[in-house]
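Please work through the exercises below with the sequence and the model at hand, trying each task before reading its solution.

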Amino acid sequence: MSANIIDGELYAGKIRTRLIEEINTLKKSGFYPHLKAVQVGENASSRLYVQNQQKQCEAIGIKYTLDELPADTKEETLIEHIRRLNNDPDVTGIILQMPLPEGMDAKKVQTLIAPHKDVEGMNPANMGELVYGNTKLVPCTAMAAVELVKSIGVEIRGKEATIVGRSAIVGKPVSLLLLDLSATPTVCHSGTKDLSAQTRKADILIAAVGKAEMIKGNMIKPGAIVIDVGINRVKELDAQGNPVINPNGKPKMKTVGDVEYATAKEVASYITPVPGGVGPVTVVMLLRNTVEAVKMRANL
Ligand code: NDP
């Protein structure tokens, strides 16, 4: 058996189309989404994220602006900046670009973003809402993983779900979302004794570990739905197992997930590729949260 591929790009496109309609309706009622990004210091990877966020926002009609603070900004100054944005009626969503410079308490600053502008769903108030089954502002990656399961259209109620990873941004919220959909979630972590026993019983397997290709095909129940959240950069190897070298003398790198795709796709019924699975849907969930935040303000 070879699994059906869940195409994240395709699904993200459908959500974008729906969001464009919602944004047009909001604007007609005088509500204008404005996502404010805050970046402290220079960082090549977060600059790329910012460019991508800006492109994606503007493509669907969300205003996107960036506040760049110098690398030597004091934590109190950043906190003051966030407080000003919380009170700025023109700003409807705030995203704090990671990483922050060393010495700053990222979690503390992040949780100071007002819950109604917290488009990453990281404020403890929004996490608490999730426990109560309110899924308006949920961490984007967790939402993306579960949306992709829902996109298949199979009954989730009664399914065994194993989530590998218990982080606050992925594993824990995924387990709550699946629990809300009446699956039976098991959450695994580095202390789990027999990981294979847990993954092999899963009708829905969510891998969010951060370890390249750790979950092999023989750890997967035949016919399972496999959602691979992992993003890992590894050296590309040739047929002899040696690193492929670029013309610049550096090893050629590639992106792989936490699941060994080649073996897993022979066992699973559905699988997300890496790249092209959870990643593009995560970005679109940020856009959706930005729209949700405005809808909440507009009481829609
Ligand atoms: P974290 O490092 O915060 O969490 C990893 C989790 O995996 C931890 O709970 C850890 O357990 C668990 N773990 C580690 N080793 C094992 C093991 N051998 N057996 C079982 N569990 C293990 O990672 P994140 O949740 O932030 O991210 C997970 C992956 O998702 C990464 O590859 C990341 O790059 C990717 N990611 C992808 C996104 C996307 O848009 N597609 C966005 C965000 C993340 P313990 O708690 O005990 O340490």
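Three exercises follow, each with a worked solution.

This is a predicted model, in which local features need pLDDT of at least 70, side-chain atom pairs count only at pLDDT 80 or more, and totals for chains, interfaces and linings use all residues. Residues are numbered from 1 along each chain as its sequence is written, and side-chain values use heavy atoms, with hydrogens and water left out.

**Exercise 1.** Determine how the radius of gyration of the chain relates to the globule rule.

Begin with the secondary structure, which comprises 10 helices and 11 strands (DSSP runs: H or I of at least four residues for helices, E of at least two for strands). The radius of gyration, taken over C-alpha atoms, is 20 Å, close to the 19 Å that the globule rule (2.2 Å times the number of residues to the power 0.38) gives for 300 residues, so the chain is as compact as a globular protein of that length.

**Exercise 2.** State which domains are assigned to the chain and how many Å separate their centres.

The assignment, automatic or from a database, gives domain 1 as 30–117 and domain 2 as 140–279. Taken over C-alpha atoms, the centres of domain 1 and domain 2 are 29 Å apart.

**Exercise 3.** Decide whether H34 is buried or exposed, and list what H34 touches.

First, locate H34 in strand 2, which covers residues 34–40. Next, its relative accessible area is 4%; since buried means under 20%, exposed over 50% and partly exposed in between (1.4 Å probe, protein chains only), H34 is buried. Finally, leaving aside residues up to four places away in sequence, H34 touches K63, T65, D90, V91, T92 and G93, where contact means heavy atoms within 4.5 Å.
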